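Biologist: I have the sequence and the model open side by side, and I would like a close look at a single part before I go back to the bench. Could you start from one pair of residues and work outwards, telling me who sits beside whom and what is covered?

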Amino acid sequence: MRQLTVIVPSEPGRLLKEMIYWAVGDNPHRIVKGTADLPDLTENDILFAVELNPIGVNPEMNSILEKLWLRGESSLHGSRGGILIHSAFNSFTKTASQDIIYLANQLGCLFPGRPTIEANENLDNFQPMEKIYKMPLEEICLLKCEELGRRLVSTQEYFRNKSISVLHSSNKGTSNTLQLWDLVRKNLNGVDINEVYLGNGNITDCRGCSYKTCKYFGRQSKCFYGGIVVEEVYPAISNSSTLIMLCPNYNDMLTANIVATINRLTALFRKTKFYDKKLFSVIVSGYSGGDALAKQLISSLNMNKTFELPPAFSLQATANDPGSIHRIENIEDKAREFAEHIMKNI
C-alpha cells in the first residue's frame, strides 16, 4: 500500500499550515521534517510543503534533495509528487518549484499535471480565478490545495494509446537534436509516431485574445490565428497520449517557434485539459544549460498546461559541431535506454 509522506523541511507559516491541512484531508500520512528522519521514499505519494526565505530558498529542502541525490538515481522510484509552496514576497515560488520538480523527477518521481500550488505575498496569482469562483483569494488557494491532494493520492487510470506526437523546429541536415532523436526513435517499436515540423520563425505567437474569444475558438479545436498550430499541432496532440519535445539549446532558451506553439496551446486547453498526456523531451546544448530548457518545459507544460511528467522525462546531451552527437561515448546506448524508458511509461 502506498504511503502519503508530507515533507515539511522548516516551520510553516499560518497559511502554509492551512494549505497542508486542506491538501492532506483525512488521508493517513506521515510528516518528515529533515534529513535526520528521512525514510525510504520509493513508491510514496510525496507532498513537498515549502516555506521560502527572503531570497527564495529553503536550505533544509535543499539538504533533503541532496541526501536523496546521494542515495542514487532511483531514490524516488515509483513515487508521485506534489508541491505546496509559500513566499512572503511576490517572487520565487515558480522558480523554486521548478528546481524541486526537476531534481525530484531525475530521481524517479512522477509529477501529475499541475502539481504545484503557489501562494505568494498577496495571493494575486489567484486573481484570475476570482470571477469564476466568486470567493476570497485565500479560500480559492485552499480549494486548489484540496484538489491537488485528491489528485496526488488518486488511483485513477487515464486512457492511454501507443501514439506519440513529436514537435520540433530543427533542420534535419545539421541538427544534433534531431540526430539524437533518430537514435531514440529507431528503438521505439510498436507505436505510432507523428512528427510535426514547426518551421523556422513563421508561427504567429499568442496575442492575448480575451478569455471569451479564446474559449470560443477552443471549443472548435481552433485558434483565431490558425496556421500549422491548428492544422497539425492540435490534431497531433489530441490524438496522442504522449508528447515529445525536441529542443536545441542555443541561448539557454526554447526556440521561438516552440515557445509560440506552447503559448498557442491555450485555446485547445480551454476545451480539454492534458492530464492524460505524458511529456518527454530531448535536449541538446552546444555548451551547457540543458537543465534550463528542461525547467522551462516543466513550468509551461507540466505546471501550467497539465501534462503529466513521467520520471526522468528528459534526455540531455552536449554537442556543438554538426554531427558531433555521434562522438559522445555510449550515445547509442543512452538513446536506446531512453526509448525503453519511454515505452515503459506510456
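**From one strand pair outwards**

Modeller: Happy to! Start at V6, which stands opposite I31 in β2. Please keep in mind that this is a predicted model. The strand β1 covers residues 3–7, and three bridges join β1 to β2 (residues 30–32), with the two strands running parallel. β1 also pairs with β3, again in the parallel sense, this time over five bridges. If you would like a landmark for that second pairing, find L4: its bridge partner in β3 is D45. β1 is mostly covered, with four of its five residues buried.

What helps to cover this area? Look at helix α2, residues 59–71. Its buried residues pack against β1, β3 (44–51) and α3 (93–106). Those buried residues are M61, I64, L65 and L68. They cover an arc of only 95° around the axis, which puts them on the same side of α2. The spacing along the chain fits a simple rule: an α-helix has 3.6 residues a turn, so residues three or four places apart point the same way. On the other side of α2, E66 and L70 are exposed. The length of α2 is close to what one would expect too: its 13 residues reach 19 Å from the first C-alpha to the last, against an expected 18 Å at 1.5 Å a residue. Just after the helix comes G72, with a positive phi near 120°.

Now move to R80, which lies in strand β4 (residues 80–86). Is R80 buried or exposed? Its relative accessible area is 18%, and since buried means under 20%, R80 counts as buried. A polar atom of the R80 side chain lies 2.9 Å from the backbone oxygen of R151. Setting aside neighbours within four places in sequence, the contacts of R80 include R2, I46, C109 and L152. D45, met above as the partner of L4, is one of the contacts of R80 as well.

Further along the chain there is an open sheet of five strands, in the order β7-β6-β8-β9-β10 with parallel pairing. Its edge strands are β7 (192–197) and β10 (314–318), each of which pairs on one side only. On average, neighbouring strands of this sheet are turned by 15° against each other, direction ignored. Within the sheet, β9 (residues 278–285) is worth a pause. Eight bridges join β8 to β9, the two running parallel, and T242 stands opposite K278 in β9. Towards β10, β9 pairs in the parallel sense over five bridges, and the partner of S285 in β10 is T318. Eight of the eight residues of β9 are buried. Both faces are covered: K278, F280, V282 and V284 are buried on one side, and L279, S281, I283 and S285 on the other.

Two helices belong in this picture. Helix α6 (residues 176–185) lies across β6 (163–168), β7, β8 (242–249), β9 and β10, running at about 145° to β8. Q179 has its place in α6, and at 16% relative accessibility Q179 counts as buried. Leaving aside neighbours within four places in sequence, Q179 is in contact with G173, T174, G323, I325 and H326.

The second helix is α11, residues 331–345. Its 15 residues should span 21 Å at 1.5 Å a residue, and the end C-alpha atoms are indeed 21 Å apart. I331, A335, F338, A339, H341, I342 and N345 are buried in α11. Those residues cover an arc of only 160° around the axis, which puts them on the same side of α11. What covers them includes β6, α6, β8, β9 and β10.

For your own tour on screen, try this order: begin at V6 opposite I31, step to L4 and its partner D45, and look for M61, I64, L65 and L68 in α2. After that, follow β9 from K278, with T242 opposite, to S285 and its partner T318.

Note on methods
Residues are numbered from 1 along each chain as its sequence is written. This is a predicted model: local features need pLDDT of at least 70, side-chain atom pairs count only at pLDDT 80 or more; totals for chains, interfaces and linings use all residues. Side-chain values use heavy atoms; hydrogens and water are left out. Buried means under 20% relative accessible area, exposed over 50%, partly exposed in between (1.4 Å probe, protein chains only). A polar contact is a pair of N or O atoms within 3.5 Å; within protein, one must be able to donate a hydrogen and the other to accept it, and residues adjacent in sequence count only if both atoms are side-chain atoms. Contact means heavy atoms within 4.5 Å. The expected span of a helix is 1.5 Å times one less than its number of residues. The arc is that of the directions from the helix axis to the C-beta atoms. Two strands pair if DSSP finds at least two bridges between them. Axes are lines fitted to C-alpha atoms, for helices over the stretch in contact, and angles run from 0 to 180 degrees between N-to-C directions.
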